[in-house]
Amino acid sequence: MTLTEVDSTNNFLKQALANSTPLTDGTVIMAESQYAGRGQQQNKWHSEPSKNLTISILLKPAFLPVTQQFNLNLAISVGIINALIPVLGTGVKIKWPNDVYFNDKKLGGVLIENIIQGQIIKNSIVGIGLNVNQTEFADWVPNPTSVKQILQKDYDLKILLSDICAYIEAAYLVLKAGNIDRLKTFFMQNLYWRDELHSFKTTEGVFDGIITDVTQAGQLVVSIDNELRLYSFKEIEFLNK
Ligand code: BTN
């Protein structure tokens with residue numbers, strides 16, 4: 001379903017579920033324009049009308065125990081970058097936990113909101129924002145790029161939408177089949193800054209470290225002076241030079 005204007009496609013789906021609207025696994029909501037798009041960590045997600053992809057996909061991963069929530073992030077990230085690599089090449093990376101990067105710039109992001117009942121994930125709202133044909137960004141947007149800035153030409157939103165949905169579906173089926181290792185391997189192969197020495201910042205200060213892994217629970221594993229440390233989202237910041 002395409003909406004001309006909405007506050008946020010994630011809110012729209014959340015509201016529809018709260019109103020007991022019958023929605024099937026795989027429902028996709030796309031907005032031409034979002035006036036209150038949301039990002040991770042209470043950030044805003046700003047997207048010029050009709051230029052980008054702002055979508056939410058409803059999934060019902062009842063097969064996935066709450067303790068394995070991060071595997072859904074793996075599947076979504078894998079699906080998105082599988083769709084983007086043929087278009088943009090190998091500069092496309094996943095920045096932990098699930099930003100979409102091209103070289104050192106942010107091309108898009110994912111906001112997954114799970115509705116949990118007991119030990120199972122009843123509904124998962126997978127919000128995806130990707131900068132496609134926008135070329136000017138507000139000053140407060142950190143480090144943005146778009147498909148158009150990379151390719152120097154417009155890209156068809158409908159084609160990208162259909163490819164992203166197809167690749168996410170394929171990755172979701174791999175997840176459903178329990179083939180986590182396959183998703184994890186691809187995720188790790190395409191992880192931004194993996195096995196490279198870079199600067200990070202935590203409450204303990206600034207230090208250099210090497211990302212070596214991501215745990216089952218989704219924590220980032222960083223090797224600092226040959227000692228492995230685990231970080232949860234929000235506990236560590238990547239410092240780009
Ligand atoms: C991030 O990088 O912080 C995540 C951005 C997620 C933005 C998308 S756009 C579609 C969906 N609706 C929202 O309000 N947010 C997500």
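Student: Which residues lie nearest the centre of the largest pocket?

Tutor: Keep in mind that this is a predicted model. The largest pocket holds about 940 Å³ of space, and 45 residues line it. Those nearest its centre are Gln40, Asn43, Asp99, Lys106 and Pro142.

Student: OK, and which strand gives the most to the lining of the largest pocket?

Tutor: Several elements each supply at least two residues of that lining, among them helix 1 (9–18), strand 3 (53–59), strand 5 (99–102) and strand 6 (105–117). Strand 7 (120–130), strand 8 and strand 12 (237–239) also meet that mark. The top contributor, with 4 residues, is strand 6.

Student: How many residues in the lining of the largest pocket are charged?

Tutor: Split the lining by residue class. There are 17 nonpolar residues and 19 polar ones. The charged residues number 9.

Student: Which domains does the lining of the largest pocket draw at least three residues from?

Tutor: Strand 8, at residues 197–202, is one of the elements that supply at least two residues of this lining. For the domains, the lining takes at least three residues from each of two. They are domain 1 (2–189) and domain 2 (197–238).

Student: Now the second largest pocket: where does it lie?

Tutor: Its volume is about 390 Å³, and its lining has 18 residues, with Gln69, Phe70, Asn73, Ala217 and Phe233 nearest the centre. Helix 2 (69–88) and strand 6 each supply at least two of the lining residues. Domain 1 (2–189) and domain 2 (197–238) both contribute to the lining, so the second largest pocket lies between domain 1 and domain 2.

Student: And how many of the residues in its lining are polar?

Tutor: Just take the classes in turn. The lining of the second largest pocket has 7 nonpolar residues and 1 charged residue. The polar count is 10.

Student: Let's look at the strands. Which residue stands opposite threonine 202?

Tutor: Strand 8 (residues 197–202) runs antiparallel to strand 9 (residues 205–214), and 6 bridges join them. The two form a hairpin with 2 residues between them. Across from threonine 202, in strand 9, is glycine 205.

Student: What about the next hairpin: which residue in the turn has a positive phi?

Tutor: Strand 9 also pairs with strand 10 (residues 220–224), antiparallel over 4 bridges, and isoleucine 211 stands opposite valine 222 there. This hairpin leaves 5 residues between its strands. The turn residue with a positive phi, about 95 degrees, is glycine 218.

Terms used: Residues are numbered from 1 along each chain as its sequence is written. This is a predicted model: local features need pLDDT of at least 70, side-chain atom pairs count only at pLDDT 80 or more; totals for chains, interfaces and linings use all residues. Side-chain values use heavy atoms; hydrogens and water are left out. Two strands pair if DSSP finds at least two bridges between them. On a 1 Å grid over the protein atoms alone, a cavity is a set of points where a 1.4 Å probe fits but cannot get out, and a pocket is an open set with protein on both sides within 12 Å along at least five of seven lines; lining residues have an atom within 4 Å of a point. Grid points are joined across faces, edges and corners, and a volume is the space filled by probe spheres set on the points. Ala, Val, Leu, Ile, Met, Phe, Trp, Tyr, Cys and Pro count as nonpolar, Asp, Glu, Lys and Arg as charged, and the others, Gly among them, as polar. Domain bounds come from an automatic or database domain assignment.
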